[in-house]
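I am opening a notebook on a structure that is new to me. I will put down what I look up, entry by entry.

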Amino acid sequence: MNYQEAKERLETPRKKDSKIIANNTILHTTEDGGIAVQLHATDVITFYPDGSVIYNTGGWNTVTTRERMNTFGSREVWVCQQKGIPHALLTGEEKGIPFRETFSLSTDHKSIISDMNGSAIKKHKNLLKKINQYTNRFVEKILKKEVPPPSSGDCLYCQFREVKMNVSLGESTKNKEHILSHLDEAYYVPSLFVRAIEKYPLSMISNTILSMLWNPEDDQYSQNFIDKMSDVFTQQARSSLKKYLKEQLGV
Ligand SMILES: [Zn+2]
């Protein structure tokens, strides 16, 4: 399954918060916005709307746990046992990745991060934290009119477009470094935001707000409108930006 399929399963024929899907196994929504396959008391698989999936044996590395993971988990992953250690195998890969109790599948389903390697997990978590902080601050600054419209002064990798595919130079050259440096330097690049909302569009209301923020008329009407709708804008802008950054950084 993936998140969408899990959601459909919960919603058909009637919408419910949880459903029995196998022996001692239910599908249910989680507090952090995911949908989980729960075996006994453990959420063995949790799907998230951004595409990421977390697998967790909860310490019960049993045949049943692995069977549930393979039956209901992502099609791109196979969980098996090698020399007594559970391994996660990505489709097309020959070598499994060992894990202790848990591993996560990236949003693009191309990489696995396992709890076997403590430092890699820590790095991943730190990066997610940085992305969150950067995103929140970025949107806050746009609303305060502290981020100008895109200009030729922007980071070149964010600004320039590869003509044929119309993607940014950073995307076409697969350059992650410039984005990592923007996170570290708290450099809120207008072109980066524009590219993010091009890939993950905002609603019409949020687009209107953005154009009011970037073409200020200084009338009371615009400011009232912005104030009234700032929550909507904040939520959508954060979501687009976060998705884009995660996608670009492969987390
Ligand atoms: Zn850049």
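**Entry 1: a proline and its loop**

In which loop is P13 found? Before answering I note that I am reading a predicted model. I find P13 in the loop between α1, which covers residues 3-11, and β1, which covers 18-22. I looked at this proline because the peptide bond leading from T12 to P13 is cis, with omega near -10 degrees.

**Entry 2: the whole chain**

Stepping back, I count nine helices and twelve strands in the protein chain, and I note that its C-alpha trace spans about 65 × 40 × 35 Å along the principal axes. Of the 251 residues in the chain, 28% are buried. When I take the contacts between residues at least 6 apart in sequence, I see that 51% of them join residues at least 24 apart.

**Entry 3: two domains**

How is the protein chain divided? I have domain 1 at 3-116 and domain 2 at 120-249, and the C-alpha centres of these two domains lie 32 Å apart. Where they meet, five residues of domain 1 are in contact with six residues of domain 2. On the side of domain 1 that touches domain 2, I sort the residues into one nonpolar, one polar and three charged.

**Entry 4: the nonpolar cores**

I keep in mind here that nonpolar side chains tend to be buried together in soluble globular proteins. The largest nonpolar core has 22 residues, and those that touch the most other members are V37, V44, I45, F47, Y55, A88 and F103. Which elements give two or more residues to this core? I list β3 (35-39), β4 (42-47), β5 (53-56), α2 (63-72), β6 (77-82), β9 (102-105) and β10 (112-114), and I note that β3 provides the largest share, four residues.

I then followed one member of this core, I45, and left out residues up to four places away in sequence. What remains in touch with I45 is A36, V37, V53, Y55, M69, F72 and G73. There is also a second, separate core of 19 residues, and I find F138, I142, Y157 and V189 included in it.

**Entry 5: a helix pair**

At what angle do the axes of α7 and α9 cross? I read roughly 95 degrees for α7 (residues 190-199) and α9 (residues 220-249), whose axes come within 8 Å. The two helices are therefore roughly perpendicular to each other. On the α7 side of the contact I see F193, R195, A196, I197 and K199, which meet S240, L241 and Y244 in α9. Sorted by type, the residues of this contact are five nonpolar, one polar and two charged.

**Entry 6: positive phi values**

I looked up K174, which is not a glycine and yet has a positive phi of about 50 degrees. This lysine has its place in the loop between α5 (169-172) and α6 (177-185). Is K174 buried or exposed? I count it as exposed, because it has 8 C-beta neighbours inside 10 Å.

A186 is another residue other than glycine with a positive phi, here near 50 degrees. I find A186 in the loop between α6 and α7, and I also count A186 as exposed, because 11 C-beta neighbours lie inside 10 Å.

**Entry 7: further loop residues**

I placed K144 in the loop between α3 (118-143) and α4 (156-159), and K144 is exposed because 9 other C-beta atoms lie within 10 Å. I set K144 beside V37, a residue of the largest core, and found the two 107 residues apart in sequence and 42 Å apart in space, C-alpha to C-alpha.

H40 has its place in the loop between β3 and β4. With 12 other C-beta atoms within 10 Å, H40 is exposed. How far apart in space are H40 and T25? Their C-alpha atoms are 6.4 Å apart, while in sequence the two are separated by 15 residues.

My last stop is G84, which I find in the loop between β6 and β7, the latter covering 85-90. I record G84 as exposed, because 6 other C-beta atoms lie within 10 Å. From G84 I looked across to N61, 23 residues apart from it along the chain, and the C-alpha atoms of the two are separated by 9.5 Å.

Methods
Residues numbered from 1 in each chain as written. Predicted model: local features only at pLDDT ≥ 70, side-chain atom pairs only at ≥ 80, totals over all residues. Axes fitted to C-alpha atoms, helices over the stretch in contact; angles between N-to-C directions. Parallel < 35°, antiparallel > 145°, perpendicular 65-115°, else oblique. Contact = placed C-beta atoms within 7 Å. Nonpolar A, V, L, I, M, F, W, Y, C, P; charged D, E, K, R; others polar. Domains from an automatic or database assignment. Buried ≥ 20, exposed ≤ 12 C-beta atoms within 10 Å, placed from the backbone. Core = buried A, V, L, I, M, F, W, Y, C linked by C-beta atoms within 7 Å.
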